[in-house]
Amino acid sequence: MAVRNKKERQHRTPGQYSSLPGPVAKALHFLRRCGGKLYREQRLWRSRLIFWLAPFAALFMVEIMNEKNPFVNLNFIELLMNMIWYVMFLFVLWLIFGRRRRAATVYMILMFVIGMVNHFVLLYRGRILFPQDITSWQTAANVAGEYDLSPDIYIWGALAILVLWMALIRFVMTPQPKREYFTRRSVLLGMVAASAAYVIAFFFTPWLPTVGIEAQQWRTQSNGFVLNFSLALRYSRVQKPDDYSEETLTELVTDLTESGEESDGMTLYSASYIASQYEADTQDEDTVPDELITVTTDEDGTQPVNIICIMDESFADMAIFDTLEISEDSIPFYHSLTENTIKGWMYSPVTGAGTANVEYEFLTGNSVSFLPDETTAYQLYVRDNMPSLVSWAEALGFSTTTIHPYLSSGWNRVQVYNYFGVDTQLWNTDFLNPKYIRGYISDQSDFEMIESITEAADGESTFIFNVTMQNHGGYRQGWSNLNREVYLTGSMYGSSDYTEQYLNLMRETDNQLQDLIEYYSQVDEPTMIVLFGDHQGKLSSWFYEYKLYGKDLDERTLEELELMYVSPFLIWTNYDSDEAQDVMLSTNYLGVLTALVSNYPTTEYMDFLTDVYAELPVVQTIGYINSDGLLTDEETDLTEEQQELLSEYEMLSYYNLFNYKKQRIDSIDETFFR
């Protein structure tokens with residue numbers, strides 16, 4: 001009787017909980033049965049638990065080597081999207097091996113190796129591993145011996161997780177005698193379908209921006225390694241322009257190179273002329289007004305021995321906003337320059353940030369408007385032997401130097417400058433006892449470095465490309481070594497201390513520009529200085545909204561928005577040269593103008609860009625300004641001729657960036673771009 005009662009207790013039904021409500025009784029009975037099954041199959045469930053927790057362990061392991069804590073540094077959406085990739089990778093390995101222990105073992109080892117490779121890329125390049133690094137693995141292998149690859153605290157921490165998980169796999173997971181997947185085929189097919197749907201949504205739809213996920217290309221660790229690598233992979237493929245083909249490109253280049261016509265130079269549009277063209281009822285295309293000048297290459301004219309190009313961080317003339325009320329001009333010396341000077345307004349592709357894209361446009365002549373939004377060409381697209389102003393200068397016999405008084409890790413510059421063929425790269429560690437303003441090396445120390453380089457060259461042809469740092473964002477910093485000379489006045493008085501700091505940084509750059517030009521005015525070697533701001537500084541939205549625009553930022557017109565994308569530029573020489581004021585152009589043309597003013601031979605690609613400028617003086621990420629003064633963000637608003645030129649420009653830019661030296665087209669001679 002006792003035995004029977006024992007068996008009855010083992011097989012009790014919900015009736016034993018008859019005193020409880022029906023649903024509760026059934027739930028308790030279900031939990032009891034599951035508990036019994038878990039107890040009887042505990043080794044199987046332990047195996048499954050270790051297997052499905054492997055993605056969490058792998059994520060933590062990889063992010064440790066990414067120098068981040070995923071559960072602290074990632075928000076919920078970023079964490080979830082990283083985990084989806086980790087789970088999908090494990091799922092694929094399970095399909096391949098058919099056994100959980102084998103799949104989990106290979107998975108953890110592979111993730112450790114990937115994380116370690118990323119760690120060393122992060123350590124020596126200042127950014128995470130990107131897809132294009134895989135294509136250059138041979139180069140990386142060749143130089144690996146030059147770096148210290150010994151384990152550090154991050155690798156030891158990740159290795160501890162790997163060893164722990166390998167021990168769990170070895171001693172806790174149950175070996176499987178045969179290949180095993182989900183017991184229900186519908187579940188297996190469901191996971192395959194879900195994975196395929198996620199991949200399609202991730203790579204081929206605009207879903208990501210809608211949930212606030214963008215490729216991080218400055219703080220590249222921000223999204224988590226796997227997610228940001230996947231985002232970079234998503235944007236690594238740029239869609240070919242419409243009608244792009246070898247035949248079309250061959251025909252285009254043949255027309256450009258065999259026309260027998262020399263370039264007519266670059267007729268510089270002034271902002272006032274463009275405005276008058278738009279307001280006028282008719283335009284006389286056959287007459288060039290007296291206010292415009294045409295810059296052409298004159299090989300018999302003076303050619304500079306020193307070409308100094310300075311992209312001055314956040315240098316801007318905020319007086320472009322009519323509503324700005326300040327005590328005095330923030331850049332008076334710049335405004336006073338007229339002799340042997342071409343200056344005016346440069347329409348940048350970015351505002352507030354994105355320095356590397358401005359740099360890319362200036363040096364290559366390509367426009368980032370043809371690339372996916374929120375991407376950086378330096379990080380994703382630039383390859384070895386990329387034609388640029390650097391290769392142009394080297395072909396002319398110049399030694400080439402880049403200067404950036406900050407970390408070498410930013411924007412993948414070391415690798416890009418190597419691709420461009422730069423002879424010497426100088427970084428913050430190459431400055432001896434520099435003067436700092438706030439937390440950055442000053443323009444004074446930066447410009448003194450330029451002077452020392454040309455002095456040491458002793459008359460040898462020298463090309464310098466300099467990216468300054470003094471005016472970098474973060475205008476809530478203290479006023480260390482920075483005088484307060486310019487104040488907000490009127491209704492703006494006292495409203496924004498960080499705006500005043502920004503304005504006084506402009507005054508400091510203006511002072512140092514004066515010293516630089518006075519110095520080279522006394523130098524015997526013909527010298528040309530090109531200086532431009534990469535973009536305006538990033539002020540608060542509140543200041544723009546309530547003080548500069550007086551309206552919600554979403555209510556701005558395209559003309560009002562464009563004001564935030566304008567920076568000053570100048571080309572000055574210490575010898576007789578062309579002069580012009582109020583010139584307007586976008587960044588992609590400034591390198592061409594630099595070459596023309598120098599009187600050195602230009603490339604055919606530069607000559608082509610002068611043709612584009614004649615019709616479209618501004619080609620930019622937020623819109624176009626054509627020769628008739630029309631500002632539009634719709635390509636269809638342009639004339640047919642302008643649309644055709646833009647299409648040709650996009651094709652040549654695409655070939656220059658993606659196919660040059662990779663898929664050579666015989667009709668394009670190397671000198672077309674170089």
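## Salt bridges and a central topic: the eight-stranded sheet

At 22% relative accessibility, E560 counts as partly exposed. Its salt-bridge partner is K551, with the closest N and O atoms 3.1 Å apart. K551 is partly exposed too, at a relative accessible area of 25%. Keep in mind as you look around that this is a predicted model.

Let's step back to the whole chain. It has 674 residues, and 49% of them count as buried. You will find 26 helices and 15 strands along it. Among contacts between residues at least 6 apart in sequence, 77% join residues at least 24 apart. The chain exposes about 31600 Å², with carbon and sulfur atoms supplying 52% of that area.

Now for the sheet. Eight strands form an open sheet with mixed pairing, in the order β6-β5-β9-β3-β10-β11-β4-β12. At its edges are β6 (424-426) and β12 (580-586), each pairing on one side only. On average, neighbouring strands are turned by 15° against each other, direction ignored. Strand β5 (residues 399-403) runs parallel to β6, and three bridges join the two. If you want to find one spot in this pairing, T402 has Q425 in β6 as its bridge partner.

Helix α16 (residues 355-364) packs on the sheet, where it touches β3 (306-312), β4 (341-347), β9 (462-467) and β10 (527-533). The direction of α16 makes about 155° with that of β9.

Back to the charged pairs: the chain has six salt bridges. Three of the pairs are set out here.

| Pair | N to O distance |
|---|---|
| R413 and E359 | 3.0 Å |
| R484 and E500 | 2.7 Å |
| K551 and E560 | 3.1 Å |

Which helices does the R413 and E359 pair bring together? R413 lies in helix α19 (residues 413-420) and E359 in helix α16, so the salt bridge ties together parts that are 54 residues apart in sequence. R413 counts as buried because its relative accessibility is 2%, under the 20% cut-off. E359 is buried as well, with a relative accessible area of 0%.

The R484 and E500 pair also links distant parts of the chain, 16 residues apart. R484 sits in the loop between β9 and α21 (497-521), while E500 is in helix α21. Are these two residues buried or partly exposed? R484 is partly exposed, at a relative accessible area of 32%, whereas E500 counts as buried at 6% relative accessibility.

Finally, E328, E485 and R507 are linked in a network of salt bridges.

How values were computed
Residues are numbered from 1 along each chain as its sequence is written. This is a predicted model: local features need pLDDT of at least 70, side-chain atom pairs count only at pLDDT 80 or more; totals for chains, interfaces and linings use all residues. Side-chain values use heavy atoms; hydrogens and water are left out. Two strands pair if DSSP finds at least two bridges between them. Helices (H or I, at least four residues) and strands (E, at least two) are DSSP runs, numbered from the N terminus. Axes are lines fitted to C-alpha atoms, for helices over the stretch in contact, and angles run from 0 to 180 degrees between N-to-C directions. Contact means heavy atoms within 4.5 Å. Buried means under 20% relative accessible area, exposed over 50%, partly exposed in between (1.4 Å probe, protein chains only). Accessible areas come from the Shrake-Rupley method with a 1.4 Å probe; for residues, only the protein chains shown count as cover. A salt bridge is a side-chain nitrogen of Lys or Arg within 4 Å of a carboxyl oxygen of Asp or Glu.
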